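Here is a short briefing on one structure. Have the sequence and the coordinates open as you read.

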Amino acid sequence: MNKIAIAIIGSVVSLGLVFGIASNKAVAQMSHEQMQPSQTKQTSQFRRIEQPLWAKGIVTAGGLGLIALELWWFLLSKPKSQKARSKQDIQEVTITVDGGYEPSQVVVNALQRVRLNFYRK
């Protein structure tokens with residue numbers, strides 16, 4: 001994973017943690033005796049849960065941001081390529097391995113020997 005993806009994932013996780021802590025403090029704690037009779041009846045219908053507009057905006061913006069990130073990652077980002085350098089009739093390329101391969105594509109000439117050097121971090 002590259003540093004940008006790690007930063008984005010860390011931001012999303014930290015926002016989830018902050019919202020989780022904030023929502024636990026916002027929950028009212030009532031005993032069963034303090035509840036009004038209308039609240040103790042069980043109905044088969046759904047109850048609407050009101051959320052503040054800013055929370056809806058943050059969730060929507062976060063979802064749209066993640067969709068945009070996925071579209072960029074899978075459709076718009078171009079794989080990095082490198083042309084092999086020739087040394088004594090052998091084409092040579094060094095590929096760095098660190099959670100992925102850098103460069104991810106190697107361009108070589110046909111019918112010529114190739115040496116791939118892998119550098120693992």
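**Aromatic pairs and strand S6**

Both Tyr101 and Phe118 are exposed. This is a predicted model. The briefing starts with these two residues, then moves to the strands, the salt bridges and the helical span.

- The structure holds two aromatic pairs. One of them joins Tyr101 and Phe118 in an edge-to-face arrangement, with 6.3 Å between the centres and 75° between the planes.
- That pair links distant parts of the chain. Tyr101 belongs to strand S4 (residues 101-102) and Phe118 to strand S6, with 17 residues of separation.
- The edge-to-face label follows because the planes are 75° apart, and an angle over 60 degrees counts as edge-to-face.
- Both partners also take part in strand bridges: Phe118 in S6 is the bridge partner of Ile95, and Tyr101 in S4 is the bridge partner of Val97.

**Strand S3 and its neighbours**

- Is S3 mostly covered or mostly open? S3 is mostly covered, with six of its eight residues buried.
- Which strands pair with S3? S2 does so in the antiparallel sense, S4 also in the antiparallel sense, and S6 in the parallel sense.
- Eight bridges connect S3 and S6.
- Strand S2 (residues 85-87) is joined to S3 by three bridges. Here Arg85 stands opposite Glu92 of S3.
- S2 and S3 make a hairpin with two residues between them. In its turn, Gln88 has a positive phi of about 55°.
- S3 and S4 are paired over two bridges. Their hairpin has three residues between the strands, and Gly99 takes a positive phi near 80° there.

**Salt bridges**

- How many salt bridges does the structure hold? There are two.
- Side chains of opposite charge can pair when their charged atoms come close.
- Glu50 bridges to Arg48, with the closest N and O atoms 2.9 Å apart. Glu50 and Arg48 are both exposed.
- Glu92 bridges to Arg115, with the closest N and O atoms 3.8 Å apart. This pair links distant parts of the chain: Glu92 sits in strand S3 (residues 90-97) and Arg115 in strand S6 (residues 113-120), 23 residues apart.
- The 3.8 Å contact of Glu92 and Arg115 qualifies because the cut-off for a salt bridge is within 4 Å.
- Is Glu92 buried or exposed? Glu92 counts as buried, because its relative accessibility is 19% and the limit for buried is under 20%.
- Arg115 has 40% relative accessibility, so this residue counts as partly exposed.

**Helical span and surface patch**

- The UniProt record, an unreviewed entry, annotates residues 52-76 as "transmembrane region".
- In the model, residues 52-76 are 96% helix and 0% strand. The end C-alpha atoms of this span lie 35 Å apart.
- A nonpolar patch on the surface is formed by Leu64, Ile67, Leu71, Trp72, Trp73, Phe74, Leu75 and Leu76. Together these residues have about 930 Å² of accessible area.
- Where is Trp72 found? Trp72 is in helix H3 (residues 53-76).
- Trp72 counts as partly exposed because its relative accessibility is 39%. Patch members need over 30% relative accessible area, so Trp72 at 39% passes that cut-off.

Key
Residues are numbered from 1 along each chain as its sequence is written. This is a predicted model: local features need pLDDT of at least 70, side-chain atom pairs count only at pLDDT 80 or more; totals for chains, interfaces and linings use all residues. Side-chain values use heavy atoms; hydrogens and water are left out. Patches are made of residues with over 30% relative accessible area and no salt bridge: like charges are joined within 9 Å, nonpolar side chains (Val, Leu, Ile, Met, Phe, Trp, Tyr) within 5 Å. Accessible areas come from the Shrake-Rupley method with a 1.4 Å probe; for residues, only the protein chains shown count as cover. A salt bridge is a side-chain nitrogen of Lys or Arg within 4 Å of a carboxyl oxygen of Asp or Glu. Helices (H or I, at least four residues) and strands (E, at least two) are DSSP runs, numbered from the N terminus. Buried means under 20% relative accessible area, exposed over 50%, partly exposed in between (1.4 Å probe, protein chains only). UniProt positions are given in the numbering used here, feature names are shortened, and annotations may be inferred rather than shown by experiment. Rings of Phe, Tyr and Trp (its six-membered ring) pair if their centres lie within 6.5 Å; planes under 30 degrees apart count as stacked, over 60 as edge-to-face and the rest as tilted. Two strands pair if DSSP finds at least two bridges between them.
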